[in-house]
Amino acid sequence: MNQETLQQGTHLYFYCHAHTKHNGILLTEWLLEQAKQHGLGGGSVFRAIAGFGRHGVLHEEQFFELADDLPVKIEFLLGNAEADALVQRVRDAGVDAVYARSPASFALLGTK
């Protein structure tokens with residue numbers, strides 16, 4: 001039987017546009033690969049249907065233009081030290097993105 005253990009940590013979010021690249025690869029892929037290479041538990045990418053950012057340009061999904069450069073959110077549930085380390089790696093790499101973090105409680109349900 002697997003006993004559920006509630007952990008305290010950080011919900012870390014990065015925001016960018018779907019076509020944003022870093023070192024020639026999509027930023028979403030780069031961020032997920034960084035997390036994977038450093039042994040973090042996982043991450044997810046979510047595409048918005050509309051949004052605007054710091055430059056004030058509205059991007060939205062439209063019937064005839066589904067491939068627009070829509071906003072995306074890349075998120076991770078991490079321990080605080082892991083979140084600090086990932087943000088520092090992104091900062092050191094000179095990535096142009098917005099990030100946010102909030103306290104999180106999380107646990108693994110079921111068996112591995």
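Start with helix 2 and what packs over it. In this predicted model, the cover on the buried residues of helix 2 includes strand 1 (7-17), helix 1 (27-37), strand 7 (71-78) and strand 8 (98-106). Put those elements in separate colours and keep them on screen.

Now select residues 80-92, which make up helix 2. Its 13 residues, at 1.5 Å a residue, should span 18 Å, and the end C-alpha atoms are indeed 18 Å apart, so expectation and model agree. Show side chains for Ala83, Leu86, Val87 and Val90: these are buried. They take up an arc of only 100° around the axis, which means they sit on the same side of helix 2. Spin the view to the other side of helix 2 and you'll meet Ala81 and Asp92, both exposed. Before moving on, click Gly94, which follows helix 2 and has a positive phi, near 75°.

Next stop: Leu86. Which residues does Leu86 touch, once its neighbours within four places in sequence are left aside? Select Leu12, Phe14, Gln34, Leu40, Phe76 and Leu78, and you have its contacts.

Several of those names come back when you look at the largest nonpolar core, a set of 17 residues. Leu12, Phe14, Phe76 and Leu86 have the most contacts inside it. Strand 1, helix 1, strand 7 and helix 2 are the elements that each give two or more residues to this core.

Now for the rings. How many aromatic pairs turn up in the whole structure? A search finds 3. Select Tyr13 and Tyr15: their ring centres are 6.4 Å apart and their planes lie at 20°, so this pair counts as stacked. Are these two buried or exposed? Tyr13 is buried, with a relative accessible area of 15%, whereas Tyr15 is partly exposed at 37%.

Then switch to Phe14 and Phe76. Here the ring centres are 6.3 Å apart and the planes are at 80°, so the pair is edge-to-face. This pair ties together distant parts of the chain, since Phe14 belongs to strand 1 and Phe76 to strand 7, 62 residues apart. Both Phe14 and Phe76 are buried.

For the last selection, add Tyr99 to Phe14 and Phe76: ring pairs link the three into a cluster. Leave Leu86 displayed as well, as it contacts both Phe14 and Phe76, and you can look from the ring cluster back to the buried side of helix 2.

Notes. Residues numbered from 1 in each chain as written. Predicted model: local features only at pLDDT ≥ 70, side-chain atom pairs only at ≥ 80, totals over all residues. Heavy atoms only, no water. Helix = DSSP H or I, 4+ residues; strand = E, 2+ residues; numbered from the N terminus. Expected span 1.5 Å × (residues − 1). Buried < 20%, exposed > 50% of the residue type's maximum accessible area, 1.4 Å probe, protein only. Arc of directions from axis to C-beta. Contact = heavy atoms within 4.5 Å. Phe/Tyr/Trp six-rings, centres within 6.5 Å; stacked < 30°, edge-to-face > 60°. Core = buried A, V, L, I, M, F, W, Y, C linked by side-chain atoms within 4.5 Å.
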